[in-house]
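I sat down with this model to look up how its helices and strands fit together. My notes follow, in the order I checked things.

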Amino acid sequence: MYLTPLGHLLLESAEKAPVLNDKVAARLAGAFEQDTGHGLLQLGAGEVGQPLPPTFMWWRDFSIRFVEAVCLHASSGAVQASSSRILATVPALNEGELATLLLSAPMMTGAEYLSADVLLRLWDDLGAALVSSLEGCDGDLQSFMQGMNPSWNLIGRVHFNLAVNRKDPDHPFAFMATYTTRLSTQAKLQHMPLGRALSEYAGAANRDKLLSLLVPVQRAALGCSWLKTVVESGEVFHPLRWSASQASRFLNSAPLLEDAGVILRMPANWSAGRPKRPQVTATVGGAPAVGAGLEALLDFQMSVVLGDEALSEDEIASLLAGTEALVLLRGEWVEIDRQRLESTMRQFTKVQDLADSDGLTFSEAMRLLSSAAINDDDQARAVTQEWANITAGTWLADTLSSLRNVDGASVEPGPALKGKLRPYQKVGVEWLHLLSGLGLGACLADDMGLGKTIQVLSLLLIQKEKQRQKGSGHKPSLLVAPASLLANWAAESRLFSPDLRIKIMHSSAMMSSELKRMGPDELSAQDLVITSYGSLLRMPVLSQMPWRYLVLDEAQAIKNPKAKQTVMAKALISEARIALTGTPVENNLSDLWSIFDFINPGLLGNITEFSRYIKKLTEREHNPYGPLRDLVRPYILRRMKTDKKVITDLPEKTEIKALCTLSHKQAALYGQTVTELTAALKEADGIQRKGIVLATLMRLKQICNHPSQWLKDSEWSEGDSGKWARLREITQVVAARQEKMLVFTQFREMTEPLAAFLGEIFGRPGLVLHGGTSVKSRKGLVQTFQENEMVPFMVLSLKAGGAGLTLTAASHVVHVDRWWNPSVENQATDRAFRIGQKKNVLVHKFVCQGTIEEKIDTLIEAKKELSDDVLCGGKEINLTEIRNEDLLRMVALDLKTAMEAC
C-alpha cells in the first residue's frame, strides 16, 4: 500500500511487498479494484483479527475507527434507518485523533504526502463506500456488518453480565452492566463497565452519545420492573451481588431484555445461556419385544436425570421440596420448574404403570417416540420436550437403525432368481424381509419403473427357501392387483422366478366353472395366488385362507376406506402385509391413512382421530408434519428414479406445456356453457348443484378437446379444435425423426378419432388401448409397440393404460387432456420413462389458454408438492364444494387469451 503525491491510497502487488495470506490478498485486491473507499472498508471491517504487515495494520486501525463510529451511532436502533442518515450522525475525526494517527504512521512509500486533509478525505471515501455497499445489498446495516464480521453488531451495545460468585453463599451470583466501544486486534470485544460511560461521555457535547448507548436499557426498563428500579437508583452503573432468586428473575426476563436490544452474557458453562435442567426421561424397548407386530409389548423405564446422570430419589425429593427456581445441586446450578417436573413425572408414572401391568404396545411406543399424539391416550401421555425426553432402548434402537440403514447384504434370493437385483433393489428386499419378520406392514413406494415386482418376487423366493430349510408348514401368499396388471405379474414371475408355483384367480386366466371349484386345499399348494381387486368381492374362498404375505399392488386402489374392495382387502388374514404404490399420497393425507390402515392397522388411529390430528398439525408453526413423518418413516421406503444415488442409467425427462388456443366454434360452445351454468347455479343447491357442476366441468373438458366430442356429430374436423392443430405440429416433428409416441386421454371415445388423426400424419396406423381392450390382448399390443419399428404411436385411455405397462420404445408422451391429479399423470408418463429407456423422454401436456384447463394447471403445479413431500398435507381439487362466485371465476373464458392466435 502506498500514497501518491496527490494523496491517493493505492494497493499494488510488487516483488518485495510484504507477503499476505492468499485469501486476504484476493479480498483486498478485489475491494481496491472498486475504489479506495471499498478497499479501506474491507480492510477495517472484514480483515479485523487477521495478522497483517505494519503498514496494513496502521491503515486497518484508521478504518476500524470509522467502522466503530458507525456501529456506535447505529446501536440505538438506527440500524433500520437509511445509510445516509446513519452517516450524518457519525462525527469526523477530531484534531487529537488526527494528530495521534499521523504521529504513529509507519514507514511506507508516500508517507511524506500523509496529512490531516488526506485522512479526512479518505474518511469521506469510507462513508461513500459504505453507502454504496448498503444500496447494493438486500439487507440493512446490521446484516451488512454481520457479513463482514459478526462482532461488529455488538459494538456500542450494552451487555448485562451474570457470573457465578462461589465465595459468597448468601449472594452466589454477580451482575455487571458493560458496554463495548471497539474490537481488539484479535477481533475480541473490549468491555468497559457501564459506569465508565458516564465519564467517557461527560459534558453536553457527548450527551447524545450517552443517551444513544442507554436507549436499549431504557426500552427494556419499560417492561421490566426490577430493571426500572435498578436504573432509577443508579445501581445499573455498578457491580451488584445477587441472590439465587434475583438471578432467577434475571433469567426469566431474558427474552424481554434481548428484544429490547440488550446483549446477555451468562456463565460460560451454561449451555445456550441457560443452566442445566433436570429432565424426566424414559427408554422404550430396552429388552426384546414380547410378541410380534404392532401389538408386541415393550418395556418402559423412566428416570429423572441431570445431563447424562440419573438423580437419586433423595435428590429428586430435595429439588421438589425447595422454593427457588435456581438450585445448587452436585456443585452446579440447576434450573427447575417444579410444576412441570411434577406433572411430567405423573404422566410418565402412568405410562410406567401401564407398561408394568398390561404392557406398552409397539404402536403406542412409536407414537410416544415421534410425539404423534393421535388419540386421546396419546394426548394424555404427551410431554413438553423441554423438560422431558423419550428415547428408544437398546433393542428398539437397533431395530429402527437396521430399518433405516439397510445395505442389502443380509438376504439373497440365490440362484432361484433368474435375474440380477440392482443395489437399491437388494436394499428393498432386505427392508421388506426385516419388517415382515417383525410382523409389521410395509409400504414400498418406489417410483414407477424401479422394479417393485422383482423385489416382491425375491422376497417370496427367500421365504420359500426358509420354509424348506426349517421344514415348517407351507403357507401361500396372496397378491391383489388391478386386472390389467395380472398378465404382467404372471410374465414377470415366469421370467424371474419360474420355481414359484403361481395361480391367477381371474376370469382372464381360468374358466368361471374352474374358479368356482377352487378351494383352500388347491390354493394352499401354491406359493403365490394372484387376483384382482374386483375378484375379491366374488371369491369368498380368498377370505377363508390364512396367507403368509398379503401384497397389494397399485395400493392407491384402497384409498377410499368405504369402498367395498377396500373393506374386503383389509379383512383378509395374513402374517405380514405389503403395499406397493408409487403414490402413497395421491390427493390428500387420507390416502396415507387408508394405506396404513391396511399395512399397520391402528398405528394412525381411526379416520376420525387421524383427521382431527392432521388439523392440529396444520396449526403448528415450525415443521408442522414432523411428528407424522417420524411416525410413518420406518414403514415407507421411497426411492425416485431421478435420484442419481438410486439409479444412474436413466436418461432425462423433460416436461413442457403445449399451450393451445380455441377455435371459434370451441369458444362459442364454451361461452354458452358458462352462461348456462351461471343461470343453473341460481336455482340449484345440495346434490342437484353438485350434479350440475360435475356435468358442466365434464362438458367444458370435452369442448376444450374437440367440439365433436361434446356434440357427438362424428365430424372431428381438424379446424374445429386448437388441440388438433397443436397435436399436428408435435406429431409432424416426431414423424420426421422416426420416433415413437404415446398419446393419453381420459376419454375412451377420444381414442379412435385420435388414432385416425395420428395415422394420417404418420402415414401408418398405430395402436389403441382402452378399457374395452381385453386383458389377454394387452400383452400383444405392448409387445408389438415395443418390437415393431413400423408402429409409430399408441393411443391409450389414461385409466386403462396409465399403470403396469412398459412402453419404453416411446420417447414422446402426450397428455391431450389433463387428469386433475398429478400422480395419475406421472404414472402414465412412467410407461415410457422407466428402466430400459435409453432415450430422453419429452412430455407434452396440453392446456387450452384462457379456460378452466389453464386455471386447473396452476392448481396441479401447486398440488405436486403434496406428492413430492410424502407426508405433508394438502387438499384435493374439488370444484363441487367451492362457492358459486369462485366457481364461475374458475370456468370463465378469457376470450383474448383463448383465441389469441385465431
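I started with a helix pair: α24 (residues 564–571) and α25 (residues 589–599) pack at an angle of about 30 degrees, their axes 9 Å apart. For the angle, axes are lines fitted to C-alpha atoms (for helices over the stretch in contact), and angles between N-to-C directions run from 0 to 180 degrees. Helices (H or I, at least four residues) and strands (E, at least two) are DSSP runs, numbered from the N terminus. So I wrote α24 and α25 down as roughly parallel to each other, a label for angles under 35 degrees.

A caution for myself: this is a predicted model, where local features need pLDDT of at least 70 and side-chain atom pairs pLDDT 80 or more, while totals for chains, interfaces and linings use all residues. Numbering starts from 1 along each chain as its sequence is written, and side-chain values use heavy atoms, with hydrogens and water left out.

Which residues in α24 and α25 meet? I found Thr-566, Ala-569 and Lys-570 in α24 against Trp-593, Ser-594, Asp-597 and Phe-598 in α25; contact means heavy atoms within 4.5 Å.

Next I looked at where α25 sits: α25 lies across β16, β20, β21 and β22, running at about 150 degrees to β21. Those strands led me to an open sheet of 7 strands, in the order β18-β19-β17-β20-β21-β16-β22, with parallel pairing. Strands pair if DSSP finds at least two bridges between them. I noted β18 (502–505) and β22 (636–637) as the edge strands, each pairing on one side only. Helix α18 (residues 423–437) also packs on this sheet, touching β16, β20 (546–552), β21 (573–580) and β22, and its direction makes about 165 degrees with that of β16. β16 (residues 442–444) and β22 run parallel, joined by 2 bridges, and Leu-444 has Leu-637 in β22 as its bridge partner.

Then I went to another open sheet, with 6 strands in the order β23-β28-β27-β24-β26-β25, and parallel pairing here too. β23 (653–660) and β25 (767–769) stand at its edges with a single partner strand each, so one side of each has no neighbour in the sheet. β24 (residues 741–745) pairs with β26 (residues 793–797) over 5 bridges, and Phe-744 has Leu-796 as its partner. I saw helix α33 (residues 775–787) lying across β24, β25 and β26, at about 145 degrees to β25.

Last, I checked a hairpin: β12 (residues 326–329) and β13 (residues 332–335) are antiparallel over 4 bridges, and Leu-328 stands opposite Trp-333. There are 2 residues between the strands, and Arg-330 takes a positive phi near 55 degrees.

Technical notes
Parallel < 35°, antiparallel > 145°, perpendicular 65-115°, else oblique.
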